[in-house]
Amino acid sequence: MALSEAAKPRIVVVGAGPAGIRAAEILAAGGLVPIVIDEGERAGGQIYRRPPPGFTRPAEVLYGSEAAKAVALHQTFDAMAAAGRLVHHPRSSVIAIADGRLQVIGDAGARWMSYDRLILATGAMDRVMPVPGWENAGVYGLGAMQIALKAQGAALGRSIVLAGSGPLLTLLAVQLLKAGGQVAAVLDTTPMRRQLRGFAGLSARPLFALRGLMMRRRLAGIYHAGVRLERIEADGRGPVAVLWRDGAGRNRRTPCDAVGLGWHLRAETRLADLAGCDFAYDETWRQWLPQADGMGRAGRGVYLAGDGLRILGADGAEVAGRLAAAACLQDLDLPAPDTAVDERRLARLGRFARGIAEAFPWPVEAAAGLPDETVVCRCEGVTAGELRRTVDFGGGEVNRVKSLGRVGMGRCQGRYCELAAAEIVADGAGHACAAAAGRLRGQAPVRPAPISALVQDVATDG
Amino acid sequence: MSTAAGEGAGRLVRLTEVDRAPLRFFLDGAEQQALTGDTVLSAVLSVAPALRRSEFGPEARAGFCLMGACQDCWIWQEDGPRLRACSTPLAEGMRLLSAAPGEWP
C-alpha cells in the first residue's frame, strides 16, 4: 500500500544511537519519513559517537573491532538524511511528553511536536556507586573517559585509576593505554570466582567473551579483582590517590590525578516514564526497567528499543531498533519485514547480557557500608548520613526521601544517585530488596531548560 | 604527548588529534589557546583543573558524564546564559568565567 504524503503517520524516534538509526531505517523502508530527535551533533549515539569535523583518526582506531558496524550505521543514517528519507533534529532534547505531543528544545528554542507513534531509543549511562570523595573534580564516569578519548582524543588525567565492574572497565583501560594514556590501576570490585559464574551466559557469544579475556591479559600487573574501594583522597585540584583493599584484605594506596567509576550501565528511562510506560524492578540488573513485549511495544503508541529498555549493548540495540520499527509498521497495517531472525538474535543477546550482569554485579553491599559523611547526591551534596536520617523520619520510600532530603532533586534528577540511594534507603528501612523502596517518579522537564525557552510564545507544528 | 597550552595547569591531556587549527578563548579574562573541534569542557580543562566551584560544597567541579546527563559541567559566560560545557563546541573568542559574574545575586 502506498501512502500519500498527507496520509503518512508521523513517527518520532528519540535517540540516534544504534537502536534509533536501525528503527529509522526500517520505518523509511516501509515508506514513512521518521523524525529523528537526538542530542548529539552527529548521529551514532555514545558507543559509535563521531568526533567533530576536522578529526582524522580512522574508524579502526576509534571503534576497534566494532569499526565496520559503526561505519555502516553512520553511512546508513547519513544517506537517509541526505535523501530526505528522514528528518533529523540534532542538538535537540525532548524534555516533556504530554497528550501525544513532545516538548523539544533545540537551537531554535522550545516547541511542541505531535506524533502518531513514538519510538524511544534513549540509551543508557554509567551506573555509579558512590565512593567517599567522588564529588571532587577529576572523578568521572567510565563512559565520560571513553567519550573524551573517542570524541576529543584526550585523557582526563595524567595518571588514571579506573574502578568499578563491567565490560567497559577492561575495554577503556586497554583503549587508554593504546592511545598513550597512563592507567595506574584497574580496580574491579567483582571477585574472579563471581566473574566465572557468569561465564555460562557469556558462552552465548564466545568471540565477544574471548576478546574480553584477551584484553584482560594486556592489563597484567595493573588489574585487580575483588577489591573494596575505601576512599578517593583529594586536594583542592582533585584526586591524589585511591585507597582500596585488595582481594586478600590488604590496604593499598594508588596515587593518581583522575578516577573513572562505573558498574556497567543503567537505562535512561525518564521519557518512557513520562510516556506512561509500566515499570518493573529487574532483580538481575537491580534497577527499574520499562515494560514492553518482545518487539518493544509498550502501549499507547509508544515503542522502546535499545539500552533504555533492556541493557543488551550496541548489537542488541540494533536488533531491538529494527524490531520496534517493525512492530510500529505492523500496528499501522503497513508492510513490515519478517522479524523471526531478529527475534531469535535478541533472545541470544539477552542470555549473554544476563551473563554479563551476573558476572559484573552492582555492589549492593557497598551502599550499606558507605560512611555517613559520603556524598551520595553529587548535585547537591546530600550525604549517606542525611539519607539514613530521612528514612528514620519519613520511612523507606524513595519519593518521600526525595521530598524530605532532596536526593534526586538536583540537576541530574537522580540519574547518578537514585540507584545507590535506593539501596541505602532499603538497607536503612530493613527492606530485603531495593525494589521495596519504590521508584523515583519522573518529572518534566527531564533535562534542565532555560526559562526563556519555556516562556516564549511556543511554536507548535501540529 | 601533552598539551602545549598550560602544561601542568590543566587536567586534560591531549593524546592525539593535536594538528587541529588553534582557537582563542578567554577564561576569567585571560587569553587562552585551544583547538578547533574542542568542546568548551576540553578547552577549559586543557588549561585549568576545573570548570567552577560546587554551589553545595567546598570542592571544584569538572564535569562527570560528558554526555549531557549529569549537568555537572555548566560554566558561566561573561555575557549570556550558562553553558553545558561537555556538549557545547568552543567558538573563537568565547569569554568564560569560573565564577559568577559580578551582578549575579
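This report walks through the domains, sheets, chain contact and backbone oddities of a predicted two-chain model.

**Domains of chain A**

Let's start with the overall layout. Chain A splits into three pieces: domain 1 takes residues 8-125 plus 266-355, domain 2 takes 128-263, and domain 3 takes 365-437. Domain 1 is therefore written as two segments, going by the assigned bounds. Measuring over C-alpha atoms, the centres of domain 1 and domain 2 of chain A sit 29 Å apart. Where the two touch, domain 1 of chain A puts in 12 residues and domain 2 of chain A also puts in 12 residues. On the domain 1 side, helix H11 of chain A (residues 340-359) gives the largest share, five residues. By type, that domain 1 side breaks down into five nonpolar, three polar and four charged residues.

**Strands in chain A**

Next up is the open sheet. Five strands of chain A line up in the order E9-E17-E11-E12-E13, with parallel pairing. At the edges you'll find strand E9 (139-141) and strand E13 (223-224) of chain A, each paired on one side only. If you want a spot to click on, try the E9(A) and E17(A) pair: E17(A) covers residues 258-263, and three bridges hold the parallel match. A:Val139 has A:Val259 of E17(A) as its bridge partner.

Then there is a run of antiparallel strands, E14, E15 and E16 of chain A. Strand E14(A) spans residues 228-234 and strand E15(A) spans 239-245, with six bridges between them. One of the pairs to look for here is A:Glu233 with A:Ala241 in E15(A). E15(A) also pairs with strand E16(A), residues 251-255, through five antiparallel bridges. In that second pairing, A:Trp244 faces A:Arg252 of E16(A).

Both pairings are hairpins. The one from E14(A) to E15(A) leaves four residues between the strands, and A:Gly238 in its turn has a positive phi of about 150 degrees. The one from E15(A) to E16(A) leaves five residues between the strands, and A:Gly249 in its turn has a positive phi of about 90 degrees.

**Chain B and its contact with chain A**

What does chain B consist of, in terms of secondary structure? One helix and eight strands. Along the sequence they come in the pattern β-β-β-α-β-β-β-β-β. Chain B has 105 residues, of which 50% count as buried. Taking contacts in chain B between residues at least 6 apart in sequence, 45% link residues at least 24 apart.

How many residues of each chain take part in the contact between chain A and chain B? It is 34 residues of chain B against 40 residues of chain A. On the chain B side, strand E1 (13-14) and strand E5 (60-61) each supply at least two residues. That side of chain B sorts into 16 nonpolar, 10 polar and eight charged residues.

Strand pairing also crosses from one chain to the other. Strand E10 of chain A (residues 154-155) and E1(B) pair in the antiparallel sense over two bridges. A:Ala154 has B:Arg14 of E1(B) as its bridge partner.

**Backbone angles worth a look**

Most residues other than glycine have a negative phi, and most peptide bonds are trans. Here are two residues that go the other way on phi.

| Residue | Phi |
|---|---|
| A:Arg286 | near 50 degrees |
| B:Gln71 | near 65 degrees |

A:Arg286 is in the loop between strand E19 (279-282) and strand E20 (287-290) of chain A. Is A:Arg286 buried or exposed? A:Arg286 counts as buried because 22 C-beta neighbours fall inside 10 Å, and the cut-off is 20 or more.

B:Gln71 sits in the loop between E5 and strand E6 (74-77) of chain B. B:Gln71 has 20 other C-beta atoms within 10 Å, so B:Gln71 is buried too.

As for peptide bonds, the one from A:Ala444 to A:Pro445 is cis, with omega near -5 degrees. A:Pro445 belongs to the loop between helix H15 (418-429) and helix H16 (451-455) of chain A.

Terms used: Residues are numbered from 1 along each chain as its sequence is written. Chains are lettered from A and ligands numbered from 1 in the order in which they are written. This is a predicted model: local features need pLDDT of at least 70, side-chain atom pairs count only at pLDDT 80 or more; totals for chains, interfaces and linings use all residues. Two strands pair if DSSP finds at least two bridges between them. Two residues are in contact if their C-beta atoms, placed from the backbone, lie within 7 Å. Ala, Val, Leu, Ile, Met, Phe, Trp, Tyr, Cys and Pro count as nonpolar, Asp, Glu, Lys and Arg as charged, and the others, Gly among them, as polar. A residue is buried if 20 or more other C-beta atoms lie within 10 Å of its own, exposed if 12 or fewer, and partly exposed in between; C-beta atoms are placed from the backbone.
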